[in-house]
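Subject: Structure handover

Hello,

Here is the structure we talked about handing over. Please open it alongside this note; my findings follow below.

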Amino acid sequence: MKTFQRILILLYFGSFLSAHAQMNERKGWDGTVKGGSRFNLSYAATLPISTTKDVYVTNSSGIAADVFVPFLLFRKGWDGTVKGGNFGLNIGGTYNFGSNSEPSVALPLPFEIFGQTATNVAYQGSDPRQESFRIGGGPQVNFNFGDRFTFSPILLAEYFSLTQNEFHAVQTTEVNGNIKNYNLLTLPETKTTGLAITPKIRLQYMLTKALGIFADGSYILGPKIKTQLSTLVLVGNANQDGQYEQQQLDAGTMTEGETMSTSYNALGLNVGLSLLFGGHKDQTNQNATSNNTWNNNSVEPKPNRNTKEELQNGQDIFSATHIKKESTEKKNCLQIMSPSNGSNQNISEPIRILITNEQVMKSGSVDIKIYKISNDKTYFSKKENRQELYETQNTTLVSPRFETMSKNVGFEPISLSGKQSGAVIESSLAKGQLTEGAYKMVVTSSCGVVASNFMVSSSALTTISLTVNCKEKFGDYSYTFVVKNTGTSPINITSIPTFTSSTGVLTGFTLSPPLPLVLAGGATQTFSGSFTYSGTYTGDVYATVSGHQVGNVNLTSQDTEMGEIKSCICDFCKKTAEYDSDPSPAATYSATGNSLSIHQNWWDMNPATSAMIVGAKAEIISFSREVSDDCMKCDRDSSQWGNFISGNSGTSNGSFGNATAPVSGNTHHTLYFANPNKFSFDLNISLPPVSTLKCCCEKFKIKIRFTYIYQDRNGQCRMCSEVFEYSYQKGQCPIIHQNPNLPSSMTSNSQITNTKN
C-alpha cells in the first residue's frame with residue numbers, strides 16, 4: 001500500500017509540473033512556440049557498481065518522470081526560428097521498487113556440525129528488500145538535428161533516499177533427523193539519504209509532432225552508505241576434523257562488526273515516451289502566398305547577409321539588410337608580402353622576403369630575382385618613373401632589360417631560393433648586401449609573375465609604409481604612415497610630415513599623434529589622419545618625415561614614402577562589392593493602409609567637387625508575402641502588390657520606366673530620378689490588404705537595387721549600385737514556413753504573371 005501511494009504522489013507531481021510548463025511556454029517574436037516543454041515517462045533500471053554492491057546494494061528497477069521547461073532559446077534566422085536548440089530546466093524524479101534478487105556478496109560458509117546429514121546457507125528477509133527514490137532538477141540543453149532528433153546533456157542535483165530492509169544469511173542443517181536454523185549474518189534495516197549528482201545524456205526521436213521515444217544513460221553519484229553487520233560467534237573451537245557440536249551453535253552469540261562506509265555509485269538506464277507541449281503547430285491550414293522574382297522563378301537564392309537594423313512599432317517589425325555582392329576580380333596566385341611595393345628598406349638591417357603562393361603545393365618552387373634599377377634611391381619618386389612603380393603584375397616583367405639596367409649601375413642580379421612552409425616561401429638578404437638605390441624584385445612561378453619595387457636607404461629615420469584609403473565622399477581620403485628609427489640613438493621629430501603630389505593639390509591635412517615627439521632607437525611610430533585631393537587619377541602622394549638626433553640638431557635624418565591616390569567613385573563601388581563596406585543600412589519606415597514607406601540613406605558622392613550625377617534609379621527586384629489562408633483577405637490580385645506607388649530623392653520626383661515589349665505602358669517596379677540632389681530615397685510601395693485582427697500575422701520581404709548613374713572627373717560614364725532587403729511583419733501571430741514534405745493541396749503559391757519590367 002505504501003509503495004502504491006508513493007507512485008501516485010510521483011505521477012501527480014509530474015502532472016503538476018507538466019501543466020505548469022504548458023502555462024509558461026516561451027514564444028519567439030513571431031508568436032511561434034520555440035522548443036516547447038516536454039513531459040517524459042520511462043522505465044528505469046539502476047545498476048550499482050561493484051564497490052557499491054559490496055555493501056549489499058542490489059540492482060533495481062522502477063519508473064521515472066520528468067518535465068523540461070525551456071527558458072532561453074538559441075534564436076537564429078531572420079524570422080526568429082530556432083535552428084540549434086534550447087536551454088532550460090529539467091525537474092523530475094525516479095522511484096525504484098527494489099529487487100527480489102539476492103546480493104552479489106558471497107554467502108558466509110556454513111559451520112560443519114558433527115552428525116549432520118545435510119546443510120545449506122541462504123539469504124532470508126522481507127521483499128522488496130531495497131526501495132529508493134530520487135527527486136530534483138538541473139539544467140538541460142537540447143540540440144536539435146533536423147525535425148525529429150534531439151540530443152540533450154542534463155545535469156541533475158537530487159535528493160536521494162535508499163532503504164535497505166533487514167535481512168539474514170541463515171544456515172539450515174539436518175542433524176539426526178532434526179532440522180535446525182542458525183542465523184550466521186544479519187544486516188539491520190539501513191536508511192541512507194543525502195545529495196546525489198546525476199549527469200545524464202538523452203537521445204530523443206519524435207514519432208509525431210507531439211509524441212516521441214527516448215533513451216538516456218546516467219551516472220549517479222550518491223551519498224555514503226554506512227552498514228554494520230552482525231555475525232554468529234561460536235563458543236569453543238572445532239575438533240580436529242573441523243566440526244562443531246550442535247550445542248556450540250546453540251550457545252553462539254551475534255556480535256556486531258566494524259561499520260562499512262562506501263559512496264553510492266550506480267549506472268542508470270531509462271527508456272520511455274516523450275510528450276511535447278508547444279514548439280509545433282499544425283500546418284494543414286497554413287498557406288504561403290509569394291511573388292518571388294519578377295522573372296517568375298519560384299526559388300529565390302539565399303543571400304549573404306550582414307548585420308541588420310530592426311525597428312519596432314507596436315506589433316510591427318521592420319528590418320533592413322545589406323545584400324553582399326561577391327567580387328569577381330581574379331588575383332594573381334603570387335603575393336609579395338615583403339618587401340612591399342613602394343617600401344623603403346634600411347641598409348643597416350637584413351631585408352626579409354616573404355611570398356605567398358596559393359598554388360605552391362601544386363606548382364612547386366618559385367624563382368626570385370633581385371635587380372638594381374638605379375643608384376638614386378628617389379628613382380621611383382620621380383614623375384617620369386612613376387608608371388614603372390605601378391608595374392607589379394605583368395608578363396613583361398620577365399625581361400632582359402632589367403639585367404642591362406643592373407649591369408649599367410654595376411650590380412650583379414641576385415637569384416634566391418626560399419624556404420617553403422605550406423603556401424609561404426621565405427628568404428632574406430643580409431645586412432649591407434644591397435647598397436642605396438632603387439630595386440625591383442621579380443618572382444616567377446607557373447601561375448604568374450609578380451614584382452615589388454622598393455628603395456634601400458642609409459637613413460636612420462626610415463619610412464615603412466604609406467597607405468591611402470577612400471572615405472565616403474569623393475576626394476576625401478584617410479591615411480596611415482609608418483616610420484621607424486633604425487638607429488640606436490633617439491630621434492626628435494619636430495615638424496609635421498610633408499605631403500606632396502605631382503598629380504594634383506592636397507589640402508585639409510590632419511595628423512595624429514601631435515608633434516613634437518621623440519622616437520627611441522629601434523622604435524616604430526604610426527601616424528594617421530586625413531586629407532582632400534583634387535587632381536587626375538591615378539594620383540600620387542609623397543610623405544616625407546624628417547628629424548634630428550636628440551641633443552644634436554646637426555645630425556639630421558629624413559626619408560620619403562610614396563602612395564597611390566585612386567578615384568574613390570569607381571574604387572568605392574569596387575571596395576563595397578568586395579569588402580561590404582556598408583553592412584548596416586540606415587533605413588526607417590512607416591506603414592499606412594495598404595502602403596509601406598521606406599526612407600533609405602545611401603552613399604554621399606559629394607558631386608559638387610567630384611562627379612556629375614546624371615540620374616539614379618530604384619528597382620524592386622523581388623517581393624514575397626507569407627500569410628495563412630484564414631487571414632488572407634478576399635482581394636488576392638497579386639499583380640497589385642509590391643509595386644512602386646511613388647518616390648523621390650530630395651526634390652527630384654521619381655518617374656516610372658517604360659515596360660518591356662510586348663507589354664505596353666509603364667513598369668511600376670522601377671523609378672528613375674533625374675538630377676537627384678539628396679543622397680537618400682523615399683519610396684512608397686503597395687501592399688495587399690492586411691488583416692487588422694490580433695490573431696493574424698503577415699510577413700513581407702522586398703529587395704530593392706539602388707543605382708547612381710554619373711560622369712566621373714575623367715569624363716567616363718559609370719554606374720554604382722547596391723542591393724538592400726527589407727523585412728516587414730504585421731502582427732505577432734506565428735507563421736510556419738512551408739514544409740516541402742506536405743502534399744501540394746496543403747499549400748498555395750501565387751506568381752505575378754503580367755510583369756512590367
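Leaving aside neighbours within four places in sequence, which residues is Ile 685 in contact with? A caveat before the reply: this is a predicted model.

The contacts of Ile 685 are Asn 594, Ser 595, Leu 596, Ile 598, Ile 620, Gly 642, Asn 643, Phe 644, Ile 645, Ile 702 and Ile 704. Ile 685 is part of strand E40. Its relative accessibility is 0%, so Ile 685 counts as buried, the cut-off being under 20%. Ile 702 sits 17 residues away along the chain from Ile 685, with 9.5 Å between their C-alpha atoms.

Next, the strands around it. Phe 644 stands opposite Ile 685 of E40. Strand E36 covers residues 644–649 and pairs with E40 in the antiparallel sense, over four bridges. Both strands belong to an open sheet of five strands, ordered E33-E34-E40-E36-E37. Pairing in this sheet is antiparallel. E33 and strand E37 (652–653) are the edge strands, each paired on one side only.

Now the cores. The largest nonpolar core has 32 residues. Phe 681, Leu 683, Ile 704, Phe 706 and Tyr 726 touch the most other members. Several strands give two or more residues to this core, including E14 (316–323), E35 (612–627), E39 (666–674) and E42 (717–730). Strand E41 (698–711) is also one of them. E41 provides the largest share, six residues. Apart from this core lies another, of 22 residues. Its members include Tyr 479, Val 483, Ile 493 and Val 541.

What is Phe 681 in contact with, leaving aside its neighbours within four places in sequence? The list is Ile 598, His 599, Gln 600, Trp 602, Ala 616, Asn 648, Ser 649, Phe 673, Phe 706 and Tyr 708.

Last, the cavities. There are eight of 30 Å³ or more. The largest has a volume of about 90 Å³. It is lined by 17 residues, and Asp 66, Gly 93, Thr 94, Leu 156 and Lys 200 are the closest to its centre. Strands that give two or more residues to this lining are E2 (60–75), E3 (82–98), E5 (130–145), E6 (149–164) and E9 (190–206). E3 gives the most, with five residues. By class, the lining of the largest cavity holds seven polar, six charged and four nonpolar residues.

Best wishes

Terms used
Residues are numbered from 1 along each chain as its sequence is written. This is a predicted model: local features need pLDDT of at least 70, side-chain atom pairs count only at pLDDT 80 or more; totals for chains, interfaces and linings use all residues. Side-chain values use heavy atoms; hydrogens and water are left out. A nonpolar core is a set of buried Ala, Val, Leu, Ile, Met, Phe, Trp, Tyr and Cys residues joined through side-chain atoms within 4.5 Å. Buried means under 20% relative accessible area, exposed over 50%, partly exposed in between (1.4 Å probe, protein chains only). Contact means heavy atoms within 4.5 Å. Two strands pair if DSSP finds at least two bridges between them. On a 1 Å grid over the protein atoms alone, a cavity is a set of points where a 1.4 Å probe fits but cannot get out, and a pocket is an open set with protein on both sides within 12 Å along at least five of seven lines; lining residues have an atom within 4 Å of a point. Grid points are joined across faces, edges and corners, and a volume is the space filled by probe spheres set on the points. Ala, Val, Leu, Ile, Met, Phe, Trp, Tyr, Cys and Pro count as nonpolar, Asp, Glu, Lys and Arg as charged, and the others, Gly among them, as polar.
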